Each structure stands twice: as structure tokens, then as C-alpha cells.
Amino acid sequence: MTRTTFVWTAIFISLSLLYSCGNSSNTYDNTERKTNDILQLEDGTISLNLEKADCYSDVVNPSGNTAEWSVVVTKAGRYNVWLSSATKDTTNLRYKNNVLVSVQDNRLEGYPDCDRIVLDSKEVSYPYYRCDSYLGTMYIQDTGKYNVQIISEKILPVNYTASGTSDSDISKVLSLSFTPENRN
């Protein structure tokens with residue numbers, strides 16, 4: 001009798017281990033995806049609009065203004081990181097501080113310049129222009145779910161207007177994007 005109990009116990013433990021190994025908690029399942037998760041596009045691009053971010057904005061002391069997204073990465077690799085801003089002055093975005101981008105433990109810091117100006121962008125309306133700034137490259141080693149965070153004084157509330165400053169001095173963050181780096 002004890003031998004039969006031992007055999008059944010061993011079979012039960014073996015089946016339990018096989019089942020648990022096949023359902024690792026490290027795998028990302030679409031059924032676990034929250035509705036506010038951002039999915040990586042087929043071409044590998046990750047587009048993060050400020051409108052879909054969880055934001056913290058302090059108008060009095062904007063140096064710690066933060067936007068954060070939950071992103072599902074399906075293709076690991078090296079990415080070019082671009083910041084898009086709305087601005088009236090395409091020669092100077094008037095950022096006072098560097099912009100900090102972090103993905104888990106990876107950090108990238110850069111000062112936004114006018115690298116590309118998009119005249120007919122649907123993200124902004126006249127008299128604003130979209131200006132894209134190249135911040136650098138970042139390597140994302142694994143696939144899975146990541147928190148992506150950006151810190152900048154130009155993360156402003158939606159209907160913010162500066163008091164005592166002309167509108168031409170205002171520029172603000174629109175989006176952040178990660179494009180796969182092409183190796184030739």
C-alpha cells in the first residue's frame with residue numbers, strides 16, 4: 001500500500017512540476033495585458049504619446065515633471081530615442097535642463113535640439129510646429145513589460161499657458177519614440 005501511495009505521489013509531483021514549468025510567470029500573456037499598456041509596432045517602433053501617459057506636472061517647480069508609460073516590448077535590441085516637441089520657435093526649444101529617459105535600469109540623458117522640423121504634422125496646429133530631437137541610443141536587452149519614464153520641465157498640463165511669458169517662448173513635450181537602429 002505504501003508503495004502505491006509513493007508512486008501516485010511521485011506522479012502527482014512530476015505532473016505539477018511539468019505544468020508549472022510550462023506556465024512560467026516570466027512569459028507575457030496577452031490576457032494579462034492591461035488596456036493602458038502600449039504595444040510595440042510590427043516594425044519595432046515604440047511610440048509614446050504624452051496624452052496616454054501617467055503624468056505628474058508641477059507648474060511652480062517643473063524640473064521634476066514626469067510622464068510614465070507601461071510598454072510591452074516584443075523585439076529586443078538597440079533603439080534610437082527621439083523626443084517630439086510642439087514649438088513656435090524652431091531655432092531654440094528653450095529647454096533649461098537635459099531630458100532624462102529611463103527604461104528599467106537603463107538611463108539616457110540628452111539636451112533637445114531641433115534635429116528635424118515637421119511642418120505638416122497632425123499632432124500640432126498652426127502656429128506650432130513639431131520638432132524632433134535625437135537624444136541618443138538605448139539598448140533594451142529582453143522582451144517583456146517595461147515602465148518607460150521621461151523627466152523634463154516641458155511636460156506641461158494640457159491647457160497650460162505661461163503667465164508673464166509670450167506664447168512664442170512655449171514649447172512642450174508631445175511624444176517619445178524608440179526606433180530600431182539599423183545595422184548595415
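**Briefing: two cysteines, a five-stranded sheet and an aromatic pair**

The sulfur of Cys-114 lies 3.3 Å from the closest cysteine sulfur, that of Cys-131, which is too far for a bond. The model described here is predicted. Its protein chain has 184 residues, of which 36% count as buried, and contains one helix and 11 strands.

**Cysteines**

- The structure holds zero disulfides.
- A disulfide requires two cysteine sulfur atoms within 2.5 Å. Seen from Cys-131, the closest cysteine sulfur is that of Cys-114 at 3.3 Å, and therefore no bond is assigned.
- Cys-114 has a relative accessibility of 25% and so counts as partly exposed.
- Cys-131 has a relative accessibility of 0% and so counts as buried.

**The chain as a whole**

- Along the sequence, the helix comes before the strands, in the pattern α-β-β-β-β-β-β-β-β-β-β-β.
- Among contacts in the protein chain with a separation of 6 or more, 73% are between residues 24 or more positions apart.
- The accessible surface of the protein chain amounts to about 11,900 Å². Carbon and sulfur atoms account for 50% of that surface.

**The five-stranded sheet**

- Strands of a sheet pair through backbone hydrogen bonds, in either a parallel or an antiparallel sense.
- Five strands form an open sheet in the order β2-β11-β5-β9-β8, and the pairing is antiparallel.
- The edges are occupied by β2 (46-49) and β8 (116-118). Each of these two has a single partner strand, so one side of each is left without a neighbour in the sheet.
- From one strand to the next, the twist averages 25°.
- Within this order, β5 stands between β11 and β9. Strand β5 (residues 77-87) pairs with strand β9 (residues 129-140) in the antiparallel sense over 11 bridges.
- Gly-77 is placed opposite Ile-140 in β9.

**Aromatic pairs**

- A pair of aromatic rings is described by the distance of the centres and the angle of the planes.
- The structure holds two aromatic pairs. One of them joins Tyr-79 and Phe-178, with ring centres 6.5 Å apart and planes at 80°, so this pair is edge-to-face.
- The pair links distant parts of the chain, since Tyr-79 in strand β5 and Phe-178 in strand β11 (residues 171-180) are 99 residues apart.
- Both Tyr-79 and Phe-178 are buried.

Key
Residues are numbered from 1 along each chain as its sequence is written. This is a predicted model: local features need pLDDT of at least 70, side-chain atom pairs count only at pLDDT 80 or more; totals for chains, interfaces and linings use all residues. Side-chain values use heavy atoms; hydrogens and water are left out. Buried means under 20% relative accessible area, exposed over 50%, partly exposed in between (1.4 Å probe, protein chains only). Helices (H or I, at least four residues) and strands (E, at least two) are DSSP runs, numbered from the N terminus. Contact means heavy atoms within 4.5 Å. Accessible areas come from the Shrake-Rupley method with a 1.4 Å probe; for residues, only the protein chains shown count as cover. Two strands pair if DSSP finds at least two bridges between them. Axes are lines fitted to C-alpha atoms, for helices over the stretch in contact, and angles run from 0 to 180 degrees between N-to-C directions. Rings of Phe, Tyr and Trp (its six-membered ring) pair if their centres lie within 6.5 Å; planes under 30 degrees apart count as stacked, over 60 as edge-to-face and the rest as tilted.
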